[in-house]
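Biologist: Please take a close look at one part of this model, the cysteines and what surrounds them. Set that part against the whole chain, and give the numbers.

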Amino acid sequence: MLIKCPLCRENIPHSYDYEEIRSMVLGHSNKGKAWAQTQIGMWYLGEESGSNFFAFDEEKGLQFLKQAADQRDSDALLEMALAYSEKTLKWDESKYMYYLKEAADLGHPGAQRMLGLAYESSNDEKTRLHYITLAASQGDAVACYTLGAYFMCVECGLTKSLILAKHYSEKSLEDDEEIKDLVPFSACNFSCALLDLDEVRYEGVMEIPGHSPIPKALFWARKSLELANDSFPMRDNAIHVISDCEEAKRHCANCMKENECASFKRCVRCLGAWYCGKECQVQHWKAGHKIDCIKRK
C-alpha cells in the first residue's frame, strides 16, 4: 500500500525504491522547494544516505544549498555555516556566524547549540546561555548535557540547582548515541546530582524505599567508568559515588540486619540493594524498591 503525503497527496515511494526517490526529490527541487534543494545539495556533497544518486560534486552541492539557504531553509543554513567552518570552503568567521545565527533563530536545535558553544570563547555568557537553553528545550542531547553541567558547576551566571542538573543530565542520556563521547561526563554528573539531592532532601538517608538514589547512582557511575578513557577527569567523582552507594551492602536493605559474613544476596536487576533473605527482598520490593530499581542495559 502506497503512503501519500498529507499535504499534496503525492505518493511517497518506498525507502528501497531509490530511482523513484531521486526522481521525486529532483522534481520538487525544480519547483523551487527548499527542502528538496537541501537534500540534493547534501547528496552531491556525500553527506546523506542516498548520496550514491549523484557523483560527488562540491560546486553543485554548495549551489543547491545556497539556493535553499536563500529561502531560509534552516537545514541548508546550517550546512552553509558548516561549509564555511573549513568543512568544504575556506574558513570565514563572519559568514559562519551569519548562517549559524540565521539557522538558530529559525529554531534549528543543532544550530542553536553550536551557536551557544561558539560564544564560549567570548565573555557573552547571556547569549551563550540563551541559545544553549533553546536547544536543550528541544531535546538536543549535547545542549542538555551542557546545561546540566552549567547548573552542576555554577557556570554562565547560574546559581547551583541540583534538580535542574539532574533533569538535564538525565535528559541528555536518553539519546546516548548522539553524545557518545560525552556519556561518561553526563553519567557522572547525573549520579553525583542524585546523591547530592538526596543529601539535601532526606539529610543523607539514602535507603528510603521508593526514594533511594542508590540503584540509579550506582548504575550511571559504573557506566561512566566503563565508557571513560584513562584520562577521564571525573574518575574520582564516579569512584566516590560508587563507594558511598556500596556502603549499603553492610546491611539488609529491608530489616537493616548487619551483613556480618558478607553473605547477603543483592538485587540481580539493578545490583544496588542487598538482602539477608528472600522474604526481605519481596517486602522491600513492595515497599518501594520497584520504583527505585533500574534494569541494567
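Modeller: Accessible areas here come from the Shrake-Rupley method with a 1.4 Å probe; for residues, only the protein chains shown count as cover. This is a predicted model. On that basis, the chain exposes about 16500 Å². Carbon and sulfur atoms supply 50% of that area.

First, the frame. The chain has 13 helices and four strands. Its radius of gyration is 25 Å, whereas the globule rule gives 19 Å for 297 residues. The value is well over the rule, so the chain is more spread out than a compact globule. The C-alpha trace spans about 75 × 55 × 35 Å along its principal axes. Of the 297 residues, 45% are buried. Now take the contacts between residues at least 6 apart in sequence: 47% of them join residues at least 24 apart. As for charge, the chain carries 36 positive and 45 negative charges. Their mean positions lie 6 Å apart.

Now the cysteines. How many disulfides does the count come to? Zero. The cut-off matters here: a disulfide is a pair of cysteine sulfur atoms within 2.5 Å. Take Cys270. The closest cysteine sulfur to its own is that of Cys267, at 3.7 Å. That is too far for a bond, so the pair does not qualify. Cys270 is buried, because its relative accessibility is 1% and the limit for buried is under 20%. Cys280 is in no disulfide either. Its nearest cysteine sulfur belongs to Cys276, and the separation is 3.7 Å. Cys280 also counts as buried, since its relative accessibility is 11%.

Next, what touches this part. Cys270 appears among the contacts of Ile294. Where does Ile294 sit? It is found in the segment after helix H13, which covers 278-292. At a relative accessible area of 13%, Ile294 is buried. Set aside its neighbours within four places in sequence. Ile294 is then in contact with Pro215, Lys216, Phe219, Trp220, Arg269 and Cys270. So Ile294 is buried, and its partners include Phe219 and Trp220 as well as Cys270.

Leu271 belongs in this picture too. It lies in the loop between S3 and strand S4 (274-275). Its C-alpha atom is 8.9 Å from that of Ile294. The two residues are 23 apart along the chain. Is Leu271 buried or exposed? Buried, with a relative accessible area of 17%. Its backbone deserves a check. Phi of Leu271 is near 55°, a positive value in a residue other than glycine.

Met256 also has a positive phi, near 65°, and is likewise a residue other than glycine. Met256 lies in the loop between helix H12 (235-245) and strand S3 (265-266). Its relative accessible area is 40%, so Met256 counts as partly exposed. Leu271, by contrast, is buried.

Two places elsewhere in the chain give some context. Tyr96 is found in helix H5, residues 93-105. At 11% relative accessibility, Tyr96 counts as buried. Beyond its neighbours within four places in sequence, Tyr96 is in contact with Ala81, Tyr84, Ser85, Trp91 and Met114. The C-alpha atoms of Tyr96 and Glu86 are separated by 9.6 Å, with their positions 10 residues apart along the chain. Asn123 gives a contrast. It lies in the loop between helix H6 (109-118) and helix H7 (125-137). Asn123 is exposed, with a relative accessible area of 79%. Its C-alpha atom is 41 Å from that of Val205, and the two residues are 82 apart along the chain.

Back to your part, in short. Cys270 is buried, and Ile294 is in contact with Cys270. Cys280 is buried as well. By the distance rule, the count of disulfides is zero.

Key:
Residues are numbered from 1 along each chain as its sequence is written. This is a predicted model: local features need pLDDT of at least 70, side-chain atom pairs count only at pLDDT 80 or more; totals for chains, interfaces and linings use all residues. Side-chain values use heavy atoms; hydrogens and water are left out. Helices (H or I, at least four residues) and strands (E, at least two) are DSSP runs, numbered from the N terminus. The radius of gyration is taken over C-alpha atoms; the globule rule is 2.2 Å times the number of residues to the power 0.38. Buried means under 20% relative accessible area, exposed over 50%, partly exposed in between (1.4 Å probe, protein chains only). Contact means heavy atoms within 4.5 Å. Lys and Arg count as positive and Asp and Glu as negative; His and the chain ends are not counted. The place of a charge is taken as NZ of Lys, CZ of Arg, CG of Asp or CD of Glu.
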